[in-house]
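Colleague: Could you take me through one part of this model slowly, as you would for someone in their first year? I would like to hear about a pair of helices and what lies around them.

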Amino acid sequence: MPHYPFSAIVGADDMALALVLTTVAPDVGGVLVRGEKGTAKSTMVRALAEVLPAQRVVTGCRFGCDPRHPDPGCPDGPHPGDTPAHDRPARLVELPVGATEDRVIGSLDLSRALGAGETAFDPGLLAAAHRGILYVDEVNLLHDHLVDLLLDAAAMGRNTVERDGVSMSHAARIVLVGTMNPEEGELRPQLLDRFGLTVEVAASREPSERAEVVRRRLAFDADPDTFSGSYAAEQAVLRDRIRRAQEALPAVRLSEWALTTIATVCAGFDVDGMRADLVTARAARAHAAWDGRTEVTREDIRAAARLALPHRRRRNPFDAPGLDEDLLDALLGDEAPDDDPEPDGPPPRDTGDGPDDSQTQDPGRSDHAGPDSPTGATPGADPQVGDQSEPDAGAEEVPEPVPAPLPSATAVAEAHDPYRARRLQVRGTGQGEPGRRSRAITSWGRTVGASSGGEGRIHLPATIAAAAPHQGRRGRTGPLLLHAQDLRHRITQGREANLVLLVVDASGSMGARQRMAEVKTAVLSLLLDAYRGRDRVGVVTFRGDDASLALPPTSSVEAAARCLTDLPHGGRTPLAEGLRTAARVLELERIRDPRRRPLLVLVTDGRATSGADALARVRWVADRWRSMGVDAVVVDCEAGRFRMGLAADLARRMGAEHIPLGEVAAASLVALITERNAA
């Protein structure tokens, strides 16, 4: 069954351009596509392979070497000039989220090692994707060290393996494309920076465009062959244009003016390091080749900067991605003095006080979208921009809706800047998804033993030790004779991700002495730590007469931060209800994901003032918390000279760790340890 045609996709010009540029120049470093569900991210990536030019490969080479420029270090080489070759379509290799390191980079060929006693290499997905596309859907759910391996290969163009008695290297020039839904969690800023380009995609809000998307999709589902055939001519033109751009790229000149302008733009946006400058320069050259120019112009730099810089401006996960295009235009300045203006370039900027023609153009016009846009979208069509016309003079003015005020008994405190929180951990050793919080048996980490079953990396010493006693009986006369039952795999210990459930007291007592601002700051800091630990987070709040699940467990700490920012406080303190709600949430999550161990973080001063016998009910619930087997931490928010110690007593009854609010910061923990050592 054919893929949906690339040129038939509507309303994704930025994404199409980013994919084309990294295809023209793979050294750009790949593309990260961020967007909500149902925005054709995967559809467009899979369609890209259909418009890539066919490849000439050496017959029988497992690494797809180009016969015109074979890899001198190819494990299947050498490949002399008269080596047989054939054409094949460009490859699209998909990497599943659950893939192991062995599957990605390759490993020892066990069948040959056990059958013939030979050390041979079994290529992985990086070898299969050489000169093609390696696609990772939900890349934000992939383990960090695998993302690092992929990005290293994309940047260096080679895959080097040193493990299990195998030492080899092969070419791995790949177009790395990752897609993700930010609602399911973010990539760390360090990994974001490693992606060359990034694109934000969203569904159109224009009814006519949405209708066209549905119309084309229904036509494709009804008759894929006929629908794809109707776009065959456009696909062929696009394929030929990509091929010509790839061939023209080496001749594209990056002038001193262009280099200086790129450096000015990157410095003006205050991005870290030099990778932004390099990626922008490479993407600008690719854009010039794509548009048929032999020298980089202002238009090329602008298009490259819009794709290369937004994700590099983020300093922490709570920063919103994006780029100030007015600042970009100011930093770009005028066109190079020696360059003739492009006939279809962007309109001149207004330098006077009055309006000019450029101010009356369609506000949705994209600087790079036009008749030659990769998806063939209509110039000026922007689904995000509505009707900008002035209302009729006689039309009745509709007032802006005014949000209802909060009840007088409530208020909303504003958090301060988050700090680095101390690391809270679940006791014992788990077996959950790889992360950075609690100790666990994982697929990557420090070797702590060997097993005769399972899968993963070979434990070579243990395998030899298991085979050695049987060599005489097996009639060994030469190399060590191995059988399948001798094989031993490594047991590795690393860190896992947990479910961190924040239970926050939002009652009126938290408003005294600005404590709610301090509480929100502490919780934001714990969310930042959960982001680094790759945890799922949930938020339960209690105030007034009841408790509620303000945010169901999610991988998006941004959603948790937004929930916390708008959290009001006031009313009585239903602490027992907060604990009961947390217990129900954890029980449901245990059914959904039994391997993910939870950590309850209760933020309270320990007071209970809602209902009769409120404190007695809290103690009854706390005494039964131990039987749940859930690790918990009580962050004590009580302040003032005279303290009742209710939160400390609650922690003791729950079997939880007790931490005063002022000791949540990692710096306070260091100071406390230093003070105790000195004493």
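Modeller: Happy to! A helix axis here is a line fitted to C-alpha atoms over the stretch in contact, and the angle between two axes runs from 0 to 180 degrees between their N-to-C directions. Two packed helices are described by that angle and by the distance between the axes. Keep in mind that this is a predicted model.

Now look at helix α16, residues 515-532, and helix α17, residues 557-565: their axes come within 10 Å and cross at roughly 175°. Angles over 145 degrees count as roughly antiparallel, so α16 is roughly antiparallel to α17. You can find the contact by picking out K520, V523, L524, L527 and Y531 on α16, together with V557, A560, A561, L564 and T565 on α17. Sorted by character, the residues of this contact are 8 nonpolar, 1 polar and 1 charged.

Helix α16 also has a part in the second largest pocket, where it is one of the elements giving two or more residues to the lining. The others are α3 (101-105), α6 (144-156), β13 (434-442) and β15 (489-496). This pocket has a volume of about 1,100 Å³ and is lined by 42 residues. To find its centre, look for H143, G432, E433, P434 and S443, the lining residues that lie nearest to that point. The lining divides into 13 nonpolar, 14 polar and 15 charged residues, while the contact of α16 with α17 has 8 nonpolar residues beside 1 polar and 1 charged.

Methods: Residues are numbered from 1 along each chain as its sequence is written. This is a predicted model: local features need pLDDT of at least 70, side-chain atom pairs count only at pLDDT 80 or more; totals for chains, interfaces and linings use all residues. Side-chain values use heavy atoms; hydrogens and water are left out. Helices (H or I, at least four residues) and strands (E, at least two) are DSSP runs, numbered from the N terminus. Angles under 35 degrees count as roughly parallel, over 145 as roughly antiparallel, 65 to 115 as roughly perpendicular and the rest as oblique. Contact means heavy atoms within 4.5 Å. Ala, Val, Leu, Ile, Met, Phe, Trp, Tyr, Cys and Pro count as nonpolar, Asp, Glu, Lys and Arg as charged, and the others, Gly among them, as polar. On a 1 Å grid over the protein atoms alone, a cavity is a set of points where a 1.4 Å probe fits but cannot get out, and a pocket is an open set with protein on both sides within 12 Å along at least five of seven lines; lining residues have an atom within 4 Å of a point. Grid points are joined across faces, edges and corners, and a volume is the space filled by probe spheres set on the points.
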